[in-house]
Amino acid sequence: IVSTGHLPPNPRVDELVEEAWQRYRGVGDGTVADYIPALAKASADWFGICIAGVDGVVHAIGDAERAFSIQSISKPFVFALVCQALGGGRARQSIGVNATGLPFNSVMAIELNADRTMNPMVNAGAIATTSLAPGANAEERWRFIRDGLSHFAGRELTMDQEVYESEAATNQRNQGIARLLLAYDRMYSDPEEATDIYTRQCALNVTARDLAVMGATLADGGVNPVTKERVVDEDRCRRVLAVMATAGLYEQSGDWLYEVGLPGKSGVAGGLVTTAPGKGGLGVFSPPLDAAGNSVRGQLVTRFLSERLGLNLFASQ
Ligand code: GLN
């Protein structure tokens with residue numbers, strides 16, 4: 001068998017995307033997040049799927065163009081940008097790359113780790129990552145992140161003001177995490193400022209289509225396959241995919257890798273991005289979450305498509 005390194009032929013991908021959507025649209029499990037009050041307004045019925053190949057071909061169905069806040073899915077892309085700016089070695093030293101095995105907002109994860117580093121896919125590591133964004137002041141650092149994420153998506157992303165304000169008013173826990181990191185010399189700019197920029201990056205609006213293109217950019221070694229623009233270098237992408245595989249679905253990351261065999265990242269607004277290196281990206285949007293904060297339908301769709309499209313990284317053929 002000769003592997004082309006690409007997805008199956010386009011009509012086959014369309015067919016499977018449609019099959020996945022039909023198969024899981026009726027699933028009623030999970031709960032829409034409400035710890036950020038503005039997120040509770042989402043409909044449990046919204047459901048979109050999109051695949052973008054490294055050839056730039058996009059396959060979408062359902063609510064693939066509906067906007068929602070990116071939330072934690074910003075983490076791998078901000079980490080990519082910070083790795084690009086600092087180099088993968090320094091990013092690892094400053095932030096950490098090991099699994100935490102704990103929920104996304106865990107404080108224990110910091111306490112349990114002897115050198116107090118974290119994984120950039122959980123809140124502590126992500127706020128530390130944001131604190132490393134280059135720029136002379138908060139405005140420049142925010143622009144670095146917003147523009148960088150926009151290049152990954154191939155269009156200008158804008159912030160959902162209501163989601164931002166709603167989270168900023170209720171994120172005392174993240175503020176606490178940033179201060180704790182400061183006490184351990186693991187916060188690299190003002191903790192309040194870093195938490196605020198982190199909250200902004202989480203409130204950027206994306207669609208399932210954007211997520212697919214962003215995931216495909218990581219699959220394509222840092223080149224956005226739609227705009228053809230290089231966003232980060234190839235070796236940065238490898239680092240990002242490694243931390244996604246390690247902690248992209250928090251304490252469920254082992255189960256995820258066991259079943260899907262691909263690096264993925266979830267967000268509490270119901271988004272889920274997955275990257276098949278060298279092949280493409282998958283974005284799913286469905287707000288109801290499981291207990292770990294991962295989209296229920298997102299996980300079902302991704303498992304199904306990984307299997308049917310033959311994407312599992314651990315498969316020998
Ligand atoms: N902004 C959210 C938070 O920090 C992101 C969490 C998530 O998507 N899992 O709580």
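Biologist: Which domains does the domain assignment of the protein give?

Modeller: A friendly word of caution before we start: this is a predicted model. One domain is built from two stretches of sequence, 10-71 and 205-308, while the other covers 72-202. The assignment therefore reads domain 1 (10-71 + 205-308) and domain 2 (72-202).

Biologist: Thanks! How many residues does the contact take from domain 1 and from domain 2?

Modeller: The C-alpha centres of domain 1 and domain 2 lie 20 Å apart. Both domains take part in the contact, with 43 residues from domain 1 and 37 residues from domain 2.

Biologist: Which element gives the most to the side of domain 1 that touches domain 2?

Modeller: Several elements each supply at least two residues of that side, among them strand E4 (205-206), strand E5 (264-266) and strand E6 (271-276). Helices H10 and H11 (234-247) are also in this group. By class, that side of domain 1 divides into 22 nonpolar, 13 polar and 8 charged residues. The element that gives the most, with 10 residues, is H11.

Biologist: Where does the largest nonpolar core lie?

Modeller: This core has 101 residues, and those touching the most other members include Ile49, Val122 and Ala212. Its largest share, 8 residues, comes from helix H10 (residues 208-219). Both domains give residues to the core, so its place is between domain 1 (10-71 + 205-308) and domain 2 (72-202).

Biologist: Cys50 catches my eye; which residues does Cys50 touch, not counting those up to four places away in sequence?

Modeller: Cys50 is one of the core residues that touch the most other members. Leaving out its sequence neighbours up to four places away, Cys50 touches Val58, His59, Ala60, Ala64, Ala208, Arg209, Ala212 and Gly283.

Biologist: And which residues are around the ligand?

Modeller: Domain 1 and domain 2 each provide at least three residues of the shell. By class, the shell has 3 nonpolar, 7 polar and 1 charged residues. The residues around the ligand are Gln71, Ser72, Phe104, Asn105, Asn123, Glu167, Asn174, Cys202, Gly267, Val268 and Gly293.

Biologist: Stepping back, what radius of gyration does the protein have?

Modeller: The C-alpha atoms fill a box of roughly 55 × 40 × 35 Å along the principal axes, and buried residues make up 57% of the 317 residues. A compact globule with 317 residues would have a radius of gyration near 20 Å. The protein's value agrees with that, at 18 Å.

Biologist: Finally, how many helices and strands does the protein have?

Modeller: Among contacts between residues at least 6 apart in sequence, 71% join residues at least 24 apart. As for the elements themselves, the protein has 13 helices and 7 strands.

Definitions and conventions. Residues numbered from 1 in each chain as written. Predicted model: local features only at pLDDT ≥ 70, side-chain atom pairs only at ≥ 80, totals over all residues. Near = placed C-beta within 6 Å. Nonpolar A, V, L, I, M, F, W, Y, C, P; charged D, E, K, R; others polar. Domains from an automatic or database assignment. Core = buried A, V, L, I, M, F, W, Y, C linked by C-beta atoms within 7 Å. Buried ≥ 20, exposed ≤ 12 C-beta atoms within 10 Å, placed from the backbone. Helix = DSSP H or I, 4+ residues; strand = E, 2+ residues; numbered from the N terminus. Contact = placed C-beta atoms within 7 Å. Rg over C-alpha atoms; globule rule 2.2 N^0.38 Å.
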